Amino acid sequence: MGIYIIDLIALLFAIGVGFGLSCWIFGTLLEKSNSFGDNKGDKRYYKAYAKFSARKDGINNTECNNFCYSYGKNISKDSDGPADSEPVRKLTDEELAFYNHTSVEEAAKKHEERIKDLEESFNLWESRNAKGSLSGVFSKLDEEELNSMNRKKYR
Amino acid sequence: MATLCKNCSHALVFDPETQKLVCSSCGSSFTAEEVEAESKQYRQDLRAESMDTIYGETDGKYMDCYVYTCAECGGEIIINGSESSTTCIYCGNPNVVFSRIARQKCPDYILPFSISKDKAVSMVRERLKKGIFVPHKIKKVNIDCVRGIYLPYWLVNAEFSGAVVLSGQVQEGKHTRTYYFGRAGDINIKNLPIDASKMVSDESTARLEPFSMTRLKHFDEDYLAGFYSNVTDITYSDLRSSALKRAEEYFEDEAIHDCHVDNPKIIRAYPSIKLNNDLIYAMLPAWFISFKYKGKHHTILINGDTGKVVCGIPWNKILFYSLLIGLGILTTVAAFFLFKYTLPLVMAAGRSRSGSKSGKLIAYLVVGIIALFTTGIRKVVKVVKNIKLTQDRDTFNFMKKRQG
């Protein structure tokens with residue numbers, strides 16, 4: 001009788017391991033075979049790195065409820081801009097000045113800086129491309145990006 | 001409505017391989033900058049008429065459709081309210097609706113196509129050919145329709161502020177305990193591309209990323225020649241919610257990595273975003289390739305700049321399940337004999353002093369089995385989700401409704 005119980009337990013474990021392994025292997029193969037481009041733009045392309053201002057570990061239930069209200073900031077209420085229902089459009093320097101509460105000159109200067117900021121990367125790419133030092137389509141990672149990637153790698 | 005060749009007055013088409021405007025009639029080629037500036041000033045649209053006016057409808061049956069006349073052959077060109085370039089169905093010549101990209105509506109930048117139509121199709125075919133579980137019929141499928149479309153995007157600078165509480169498991173000696181963690185902080189996002197077209201799902205367009213923004217060019221309507229394009233039609237509310245969703249994903253991802261826990265789960269979140277009003281309007285390239293399989297339309301998206309293919313392909317279920325069950329049975333038999341002879345030893349050890357060790361071994365085995373099943377099933381679910389996105393009717397209609 002004891003032998004039969006052991007056989008039964010062995011069979012149950014064997015089914016679990018056998019079909020579990022098969023499920024994992026073929027799930028992975030199916031993903032590689034039939035699903036392409038299943039990822040979005042990585043944060044490093046948009047410099048979207050979080051700077052944490054508050055860290056609390058091992059908090060209890062009450063603190064769980066209060067944490068978001070204590071540390072969350074509603075910054076969207078500070079923003080001024082066209083109405084939510086309006087179609088998105090490019091704003092003129094006058095409109096930018098009005099919504100950002102600055103002078104027209106200041107708004108125009110900031111807009112130029114924004115364009116310059118973007119175009120600097122074009123020039124960098126062009127010069128590196130001309131020198132033949134371009135390792136890939138994208139520009140080289142900076143120190144912060146490299147650190148972030150390494151953190152991920154060794155975690 | 002078209003850019004004409006200086007030598008023979010035939011319509012020019014942008015060639016992604018040479019990055020020049022090419023005349024199919026006399027073979028001349030020009031860069032976008034070379035096309036005379038003064039000729040651009042005189043290119044004007046013929047007055048468009050609403051289809052409701054033409055057909056005398058008052059109930060808005062043809063709402064948002066406009067009729068233009070082809071500059072080359074005089075044929076009727078029908079486009080919807082947000083299209084800005086198309087192809088004439090009669091003569092095949094490219095036509096750009098200049099009034100839709102004029103002054104305030106004009107994009108700041110454009111990323112010209114680098115991948116040609118043939119290359120896009122061959123890339124897709126190659127991918128399909130390599131798939132083990134891609135049905136034979138799909139590998140040899142007739143592609144219904146290929147459209148190169150410039151999608152409108154807003155490049156957004158934004159400040160994000162968030163606070164999250166997450167739960168996660170921490171190993172403490174023999175036991176695993178669940179703890180709660182709180183993280184609050186900010187993110188400054190630069191030039192995040194947000195899809196400015198309501199007609200394609202954000203989920204699909206976000207997967208086309210990344211685009212190489214370093215190769216953006218100042219907008220010139222000549223790049224549109226030979227391709228379709230749309231102008232922005234989203235509201236500030238749409239823009240804000242799309243940007244918030246993306247920023248929240250980045251923040252939660254960083255918060256999870258910062259906590260170093262197993263099975264992390266966000267249980268509370270307080271996100272908030274402030275968009276910079278100074279937006280940059282850009283047109284980014286994508287190929288839409290469609291085919292029909294088992295009565296359903298599938299639309300494969302390809303990044304027209306990097307060649308990234310985005311799709312989920314239906315799988316050969318008979319082959320998949322027969323292999324899964326076959327391997328399952330084989331491994332079960334092998335594992336049965338392994339356990340049959342090792343389990344009595346483990347149980348015997350359980351009765352002796354090292355009982356806790358053998359119990360631990362069995363617990364690990366059970367956890368391992370559950371992990372194998374859940375990982376496998378999760379991967380299959382991911383594929384199914386991707387297939388549904390490829391079968392999305394809105395994406396198909398977005399491409400198919402264009403004439404040409």
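## How chains A and B meet in a predicted model

Where the two chains meet, 93 residues of chain B are in contact with 87 residues of chain A. Sorted by class, the side of chain B that touches chain A holds 52 nonpolar, 23 polar and 18 charged residues. Please keep in mind as you look around that this is a predicted model.

The two chains also share strand pairing. Strand 2 (residues 50-57) of chain A runs antiparallel to strand 11 (residues 175-195) of chain B, and seven bridges join the pair. For one place to start looking, find A:D57, which stands opposite B:F181 in strand 11 of chain B.

Now let us turn to chain B by itself. Nine helices and 17 strands make up its list of elements. Of its 404 residues, 41% count as buried. Among the contacts in chain B with a separation of 6 or more, 69% are between residues 24 or more positions apart.

Helix 3 (residues 117-130) of chain B is a nice element to explore. At 1.5 Å a residue, its 14 residues should span 20 Å, and the end C-alpha atoms are indeed 20 Å apart, so expectation and model agree. Which residues of helix 3 of chain B are buried? They are B:A120, B:V124 and B:L128. Viewed down the axis of helix 3 of chain B, the buried residues fall within an arc of 70 degrees, and therefore they line one face of the helix. A general rule helps here: an α-helix has 3.6 residues a turn, so residues three or four places apart point the same way.

On the other side of helix 3 of chain B, the exposed residues are B:D118, B:S122, B:E126, B:K129 and B:K130. The buried residues, in turn, pack against several elements of chain B: helix 4 (136-139), strand 10 (145-172), strand 15 (280-293), strand 16 (296-303) and strand 17 (309-312).

Finally, a word on confidence in chain A. The average pLDDT of chain A is 79, and 75% of the residues score at least 70. Confidence is highest in strand 2 of chain A and lowest in helix 5 (residues 143-154) of chain A, with means of 92 and 48. Two stretches with pLDDT below 50 are set out here.

| Stretch of chain A | pLDDT | Contacts beyond near neighbours in sequence |
|---|---|---|
| Residues 135-141 | below 50 | nine contacts |
| Residues 149-155 | below 50 | three contacts |

Strand 2 of chain A, where confidence in the chain is highest, is also the strand that pairs with strand 11 of chain B.

Key. Residues numbered from 1 in each chain as written. Chains lettered and ligands numbered in written order. Predicted model: local features only at pLDDT ≥ 70, side-chain atom pairs only at ≥ 80, totals over all residues. Contact = placed C-beta atoms within 7 Å. Nonpolar A, V, L, I, M, F, W, Y, C, P; charged D, E, K, R; others polar. Pairing = 2+ DSSP bridges. Helix = DSSP H or I, 4+ residues; strand = E, 2+ residues; numbered from the N terminus. Expected span 1.5 Å × (residues − 1). Buried ≥ 20, exposed ≤ 12 C-beta atoms within 10 Å, placed from the backbone. Arc of directions from axis to C-beta. pLDDT = per-residue confidence, 0-100.
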